[in-house]
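Colleague: I'm new to this one, so could you walk me through the labels people put on it? I'd like to hear the reasoning behind each.

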Amino acid sequence: MKTPFLVCLLLLDLSCAYNGVAQFDDQTSVQEKKYLIYDVNPGEGFNLRRDVYMRVANVVRQLREQGYNYILVLPPWGNLYHWRKRENKCKWSEFFDVESLNLFVPVMEFEDFIKEAGHQIDLVLYLQSYAEGWQDGEFEMKFDIRPCIEAQHYYEKVGDKWRGMFFSYSEVWSHDVKCLSIQGQSSTLVDAIKKGFNETYRLMVDRSETILHDHFGDIHYWRARRSMRYSKAVIEMGDKFRHEAFNSNDIDDRTVIKDNWQNTEKKHGDAIGGNYLCVHLRRRDFVRSHKKNIPSIEGAAKQISETAKRLKLNQLFLSTDADTVEIDELASFLSPSNITLTRFEGGPQLSDGFISVVDQWVCAHAKHFIGTHQSTFSFRIHEDREILGFLSETTFNRLCPDHENECEQPAKWTIVY
Ligand SMILES: Nc1nc2c(ncn2[C@@H]2O[C@H](COP(=O)(O)OP(=O)(O)OP(=O)(O)O)[C@@H](O)[C@H]2O)c(=O)[nH]1
Ligand SMILES: [Mg+2]
């Protein structure tokens, strides 16, 4: 079945702008420089991809600590299901501060990799589970080269070159594709690379979401997460909006952080936030896939009104992927009617991805936040608020489904330094 990859190759048009080259200065390793490129299941959204970045960054960290000189190549953003404009080839620097990422492990944009190392990849290692599934219910860390289960849907040998999606860069190809059945976490992939592929100069690991975190929420998780600062453009846009819409600024909100995340350590309660309530109301596909755990629009409005009243906040910042009909409906149910609903609309010149990150930044600075059950979009806001130093009770909240007044609230994954 060749359709998925051929269809994706046709979606090449809307490229993102080029800006900036990453610099790094890490002397951990003495070996010849090698590149670790990675990709994620095409169906995954932006914020799960941010989580996978932390897993792979910790693979590179461990490889470097053990003397292997890997540079992490950042997978361009593109063709995401939620991006209605279907942009592709978007650089990380559009959303994130690449210099800051670089302070955790050396990283580079894919276009810089091409400039430096060409259009060829030596090996694609396609991660997959074991065809036979779990054995005896035991979680055993293991990996083995096995026959491919599904990689043939995404990679195809044409002459002596393996072709694939490669982030919509049609000139890129690989010398080889192998499938690695793996059960495990970042360190398991480290072991696999050390054992079988540490001579590979340009190694790409596809389906990286297959590996888990070594320890979710530990210091290495948080170091990778803290290094994931937003780009100057995102921060400037978000701060300007906060100021104009809510008269919110870092001094008054006590959300000043140092430029370098390595020197930033804030305590819970240091931040108080701007004079507004932020709600992340996840709709669209979530209405189907998480039906039992999210409220109706009317139910959401009721909960928001109660919280606004309790906290004496009459300014609501709404971060949502809902359509305008649902937003108008929500506004009409807010009570008392002096609660003002404000959104960051962006404008046609901004990408869907950029607008969504600005939404997250504005929510991260609110006095109080309420998210949507099991949305990785909400989870990333929790983390930003932990970094800024908010009290956990202002952060780990979610909207309950209708007729469930006291639903279970999100797990408090508090920051570790
Ligand atoms: N602007 C904006 N976009 C949103 C909002 N909520 C969701 N989106 C869009 O939908 C995407 C969210 O998808 P994911 O990043 O997969 O997060 P999720 O779907 O909530 O969580 P999982 O599917 O569990 O990973 C974002 O990247 C946006 O493109 C929102 O509040 N504001
Ligand atoms: Mg999603």
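Modeller: What follows goes through the disulfides and then the ligand, and keep in mind that this is a predicted model.

Colleague: Okay, how many disulfides does the structure hold?

Modeller: It holds three.

Colleague: What makes Cys148 and Cys179 a disulfide?

Modeller: Their sulfur atoms sit 2.0 Å apart, and the cut-off is within 2.5 Å, so the pair qualifies. The link is right-handed, with 100° about the S-S bond. Cys148 lies in the loop between β6 (142–145) and β7 (156–158), while Cys179 is in strand β10 (residues 177–183), so the bond ties together parts 31 residues apart in sequence.

Colleague: Why is Cys148 called partly exposed, and why does Cys179 count as buried?

Modeller: Buried means under 20% relative accessible area and exposed means over 50%, with partly exposed in between. Cys148 has 34%, so it is partly exposed. Cys179 has 2%, so it counts as buried.

Colleague: How do you know that Cys278 and Cys363 form a disulfide?

Modeller: Same kind of check: their sulfur atoms are 2.1 Å apart, and the limit is within 2.5 Å, so they pass. The torsion about their S-S bond is about 45°, so this disulfide is right-handed. The pair links distant parts of the chain, 85 residues apart: Cys278 is in strand β12 (residues 274–281) and Cys363 in helix α12 (residues 352–364). Both cysteines are buried.

Colleague: And what is the handedness of the link of Cys400 and Cys407?

Modeller: That link is left-handed, with -75° about the S-S bond. The sulfur atoms of Cys400 and Cys407 are 2.0 Å apart, and both residues are buried.

Colleague: On to the ligand. Which residues come nearest to ligand 1?

Modeller: Of the 19 residues around ligand 1, the nearest are Asn47, Arg282, Ser319, Ser375 and Thr376. α2 (46–65), β13 (315–320), α12 and α13 (376–388) each supply at least two residues of that shell. As for where ligand 1 sits, that's the largest pocket.

Colleague: What makes the approach of His82 to ligand 1 a polar contact?

Modeller: A polar side-chain atom of His82 lies 3.4 Å from an oxygen atom of ligand 1. The cut-off is a pair of N or O atoms within 3.5 Å, so His82 makes the contact. From the backbone, an N or O atom of Phe46 lies 3.3 Å from a ligand 1 oxygen, and one of Gln374 lies 3.4 Å from a ligand 1 oxygen. Taken alone, ligand 1 exposes 620 Å², and the protein buries 88% of that.

Key: Residues are numbered from 1 along each chain as its sequence is written. Chains are lettered from A and ligands numbered from 1 in the order in which they are written. This is a predicted model: local features need pLDDT of at least 70, side-chain atom pairs count only at pLDDT 80 or more; totals for chains, interfaces and linings use all residues. Side-chain values use heavy atoms; hydrogens and water are left out. Helices (H or I, at least four residues) and strands (E, at least two) are DSSP runs, numbered from the N terminus. Buried means under 20% relative accessible area, exposed over 50%, partly exposed in between (1.4 Å probe, protein chains only). A residue is near a molecule or strand if one of its heavy atoms lies within 4 Å of it. A polar contact is a pair of N or O atoms within 3.5 Å; within protein, one must be able to donate a hydrogen and the other to accept it, and residues adjacent in sequence count only if both atoms are side-chain atoms. Accessible areas come from the Shrake-Rupley method with a 1.4 Å probe; for residues, only the protein chains shown count as cover. On a 1 Å grid over the protein atoms alone, a cavity is a set of points where a 1.4 Å probe fits but cannot get out, and a pocket is an open set with protein on both sides within 12 Å along at least five of seven lines; lining residues have an atom within 4 Å of a point. A molecule sits in a cavity or pocket if more than half of its atoms lie within 2 Å of its grid points.
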